[in-house]
Amino acid sequence: MGSIIRTAANNVGASGVFSSSAFNNASLNSVTSLPTAVDGKMKLILSQTASSDASLSFTSGIDSTYKTYCFKFINIHPANNDTNLNYNGSTDGGSNYNVTKTTTFFEARHKEDNTSNSLAYNTGADLAQSTGYQRIINGLGNAGDATGSGELWLFNPSSTTYVKHFMSRLNSMNYQSPPFTQDIFVAGYFNTTSAINAINFQMSSGNIDAGTIALYGIA
Amino acid sequence: MGTRITSLANNFDTTGKLKAAGINNASLSGITALPSGANAGKKTLLSTQTASASASLSFTSGLDSTYDAYCFKYVNVHPSVSTDEQWQFQVSTDGGSSYGVAVVSTAFRGYHFENDAGAALENRSPDNQEGRSNETTYQTLGYQGGAVADENCSGEIWLYNPSSTTYVKHFISKNCIVGYDSGNGGFLQNYYVAGYFNTTSAINAVDFKFASGNIDAGTIKLYGVSTS
């Protein structure tokens, strides 16, 4: 043990402070948690990848831990052609997805052959105090290379005082031939003062054939 | 050695735990890697490029399957030319040897003149404006003025799953750009440009430039975001 003490002492300065050479784990790869200051501003909570799934639900991790939550959508591909990616919130942990919402929906479109383009509000896709699902991708195609990608932000879902705002922006390839590119903006609020604690995503018809939805908390 | 042992002992508390003062590297500056769990979901900075009269800024490494989404943030980009010029980007499937992948895109902007001469929300998707329909030209993100020294643009582009060999590659961007009109002077443009690079080949490089002249100044940072 005397030898170990002598070796250890060589890693200690005259003031009794360990030098950096005293630590054999420069990669910190056994550390399981970091101080809050190091933990960053964007924390992955849960990632789900669809494989012919009827829906993807996030029934945990949405609470008062974070004030802002962000869902990122990577290459959402539907089983059926001309379907919408829809979502809804729950105040009972996912038993029911039917929270009242008021929303806006507008989109920029441009066809691959340049025969048409537009920037327009879509009155057929918004909601006014409806408990139905809100579409965030419109008329998605199921061609082999067709998908939608983007993000959805949800603000302070655990509040029991205020309504819960959200806004999304996803780009997608629509179902027509030749297809449009669509840059879709949706925003609104869950008109409830109950906490939102679960979110469900599904296509308007058929399964989510493939794609990843990841939930992040923003500190 | 006895002195050091005594000093060392003073750096332990009564429960035998090492005090923070007992480590001379409070900043952890010697740490070269963090556990993988600590990086999950974080926006990881991959590279930074700063222009100095540069013809273009290219990112030819770091764009691969490591991350599911990549984000470019550009700050205070200023052109060398004095007239309005198009701020643009394109991608490559051959590591940057060529930049010319077919792109289908939309564009719109809100604008407002500093002299309050006009303000509007405007569709800019036609091909003769900023939209593209399977063209291989550079994608314009907006018209940047260069006549005044303080004019610049800042914004971001998200590029999703560029390494996919199955799907087209979606991108969405938002930009704050100061334009210049000879009649009314400076005006703010809030541009939203999005679309997809219409290829199933992996995208592995991205190039930024002005349609003419150099990038006089500005910084572009590339981040990766993981979904696992």
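**Strands and their numbering**

In what follows, a strand is a DSSP run of E that is at least two residues long, and strands are numbered from the N terminus. The structure discussed here is a predicted model.

**Chain B as a whole**

Chain B has 228 residues, of which 47% count as buried, and its secondary structure amounts to two helices and 13 strands. When contacts in this chain are restricted to residues at least 6 apart in sequence, 74% of them join residues at least 24 apart. The surface that chain B exposes comes to about 9,500 Å², with carbon and sulfur atoms supplying 48% of that area.

**Strand S5 of chain B and its partners**

Strand S5 of chain B, which spans residues 103–113, is mostly covered, since eight of its 11 residues are buried. It pairs in the antiparallel sense with strand S11 (residues 185–197) of chain B through 11 bridges, with strand S6 (residues 119–123) of chain B over five bridges, and with strand S7 (residues 132–135) of chain B through three bridges, again antiparallel.

Individual residues help to place these pairings in the model. B:Ser105 has B:Arg132 as its bridge partner in S7(B), and B:Ser105 also stands opposite B:Gly195 in S11(B). Elsewhere in S5(B), B:Arg109 stands opposite B:Glu122 in S6(B). S5(B) and S6(B) form a hairpin in which five residues lie between the two strands, and B:Asp116, in the turn, has a positive phi of about 65°.

**A four-stranded open sheet in chain B**

Four strands of chain B form an open sheet, with antiparallel pairing, in the order S2-S12-S4-S8. Its edges are strand S2 (57–59) and strand S8 (139–144) of chain B, each of which pairs on one side only. From one strand to the next, the twist averages 15°.

Within this sheet, strand S4 (residues 85–92) of chain B is joined to strand S12 (residues 205–210) of chain B by six bridges, and the two run antiparallel. One position in this pairing is B:Phe89, which stands opposite B:Phe208 in S12(B).

**Backbone geometry to examine**

Most residues other than glycine have a negative phi, and most peptide bonds are trans. Several sites in the model can be read against that background. The peptide bond from A:Ser177 to A:Pro178 is cis, with omega near -5°, and A:Pro178 is placed in the loop between strand S10 (164–173) and strand S11 (180–190) of chain A.

A:Asn114, a residue other than glycine, has a positive phi, near 65°, and is located in the loop between strand S5 (101–111) and strand S6 (117–121) of chain A. A:Asn114 counts as partly exposed because its relative accessible area is 30%, and partly exposed residues are those between under 20%, which is buried, and over 50%, which is exposed. B:Asn76 is likewise not a glycine, and it has a positive phi of about 55°; its place, however, is in strand S3 (residues 69–79) of chain B. With a relative accessibility of 44%, B:Asn76 is therefore counted as partly exposed.

Terms used
Residues numbered from 1 in each chain as written. Chains lettered and ligands numbered in written order. Predicted model: local features only at pLDDT ≥ 70, side-chain atom pairs only at ≥ 80, totals over all residues. Heavy atoms only, no water. Buried < 20%, exposed > 50% of the residue type's maximum accessible area, 1.4 Å probe, protein only. Contact = heavy atoms within 4.5 Å. Areas by Shrake-Rupley, 256 points an atom, 1.4 Å probe, with all protein chains shown as cover. Pairing = 2+ DSSP bridges. Axes fitted to C-alpha atoms, helices over the stretch in contact; angles between N-to-C directions.
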